[in-house]
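Visitor: Before the structure is shown, I would ask that each label be set against its definition. May we proceed in that way, term by term?

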Amino acid sequence: GSLFASDQAYDLIERTFSDKINFVGTETTLAAADQGAAGDALSASIVDFNMAGLFGRSSATLRYPLARWSMMEDVADDVDVYLTADAETVDNRTVRDAPQIVGFDHGNGRVTYSSFHQEPGSHPDQLRILQLLMFEL
C-alpha cells in the first residue's frame with residue numbers, strides 16, 4: 001500500500017493527488033514543473049524533527065545534475081515536509097523553502113515524493129536520506 005516516486009514521475013503524483021502537492025507550472029500540462037535549475041550543491045534544511053534526528057544534523061547537500069528537475073512550491077496542511085531549500089528555476093526565479101521531499105498517508109499506505117532521484121553521482125546526503133525514508137514506507 002505504499003508508493004515512492006521521484007523527479008519527473010511527478011506528473012503521476014500531480015494527477016492522482018492534485019490536492020496534496022502544488023508543483024511549479026500548470027497542472028494540465030505534462031512536464032510543466034520541470035523548472036528546477038541544475039545545481040551541484042543545493043543546501044537543504046531538514047525540517048522534519050525525526051528525520052533530522054536520524055540523519056544526525058539539520059542540513060543536507062543535494063545534487064541536481066540534470067538540466068531541469070521537477071520542482072514543488074508548497075503542499076497541503078496534511079503533507080509532511082522532510083526537506084526544504086531555496087531553489088532556483090531555469091528562468092532565474094528563486095522558490096523560497098521549496099519542498100524537496102514530502103510524504104502523506106493515503107488509505108492504508110503512504111505516498112512519498114522526492115524532487116531528486118538516486119543515480120550515479122548523487123550526493124551521499126541524498127542517498128542516506130532516501131535510505132532513511134524507505135523504512136517509513
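Visitor: What makes S6 and S7 a pair of strands?

Guide: Strands pair if DSSP finds at least two bridges between them; seven bridges join S6 to S7, so the criterion is met, and the two run antiparallel. In S7, Ala-98 is the bridge partner of Ala-85. The strands themselves are DSSP runs (E, at least two residues), helices being H or I runs of at least four, and both are numbered from the N terminus. This is a predicted model, in which local features need pLDDT of at least 70 and side-chain atom pairs count only at pLDDT 80 or more, while totals for chains, interfaces and linings use all residues. Residues are numbered from 1 along each chain as its sequence is written, and side-chain values use heavy atoms, with hydrogens and water left out.

Visitor: How do you know that S3 pairs with S6?

Guide: Two bridges join these antiparallel strands, and at least two are required. Ile-46 has Leu-83 as its bridge partner in S6.

Visitor: What is notable about Asn-92 in the turn between S6 and S7?

Guide: The hairpin of S6 and S7 has five residues between the strands, and Asn-92 in the turn has a positive phi of about 65 degrees. Most residues other than glycine have a negative phi. Asn-92 is not a glycine.

Visitor: Why is Asn-92 called exposed?

Guide: Exposed means over 50% relative accessible area, buried under 20%, and partly exposed in between (1.4 Å probe, protein chains only). Asn-92 has 67% and therefore counts as exposed. Asp-97, in strand S7, is exposed as well, at 52%; Asp-97 also has a positive phi, of about 50 degrees, although it is not a glycine.

Visitor: Why is the pair of Phe-17 and Phe-104 called edge-to-face?

Guide: Rings of Phe, Tyr and Trp (its six-membered ring) pair if their centres lie within 6.5 Å; planes under 30 degrees apart count as stacked, over 60 as edge-to-face and the rest as tilted. By this rule the count comes to five aromatic pairs. For Phe-17 and Phe-104 the values are 5.2 Å centre to centre and 70 degrees between the planes, hence edge-to-face. Phe-17 lies in the loop between helix H1 (10-16) and strand S2 (21-23), and Phe-104 in strand S7 (residues 94-106), so the pair ties together parts 87 residues apart in sequence. Phe-17 counts as buried at 9% relative accessibility, and Phe-104 at 1%.

Visitor: What makes Tyr-64 and Trp-69 a stacked pair?

Guide: Their ring centres are 3.8 Å apart and their planes 15 degrees apart, which fits the stacked class. Tyr-64 and Trp-69 are both buried.

Visitor: How many residues does the largest nonpolar core have?

Guide: A nonpolar core is a set of buried Ala, Val, Leu, Ile, Met, Phe, Trp, Tyr and Cys residues joined through side-chain atoms within 4.5 Å. The largest has 24 residues, and those with the most contacts inside it include Ile-46, Leu-83 and Ile-129. A second, separate core of 14 residues includes Ala-5, Tyr-10, Phe-17 and Tyr-113.

Visitor: How do you know that buried Asp-34 has no salt bridge?

Guide: A salt bridge is a side-chain nitrogen of Lys or Arg within 4 Å of a carboxyl oxygen of Asp or Glu. For Asp-34, the nearest side chain of opposite charge, Arg-68, is 7.2 Å away, and no salt bridge is found. Asp-34 belongs to strand S3.

Note on methods: Lys, Arg positive; Asp, Glu negative; His and termini not counted.
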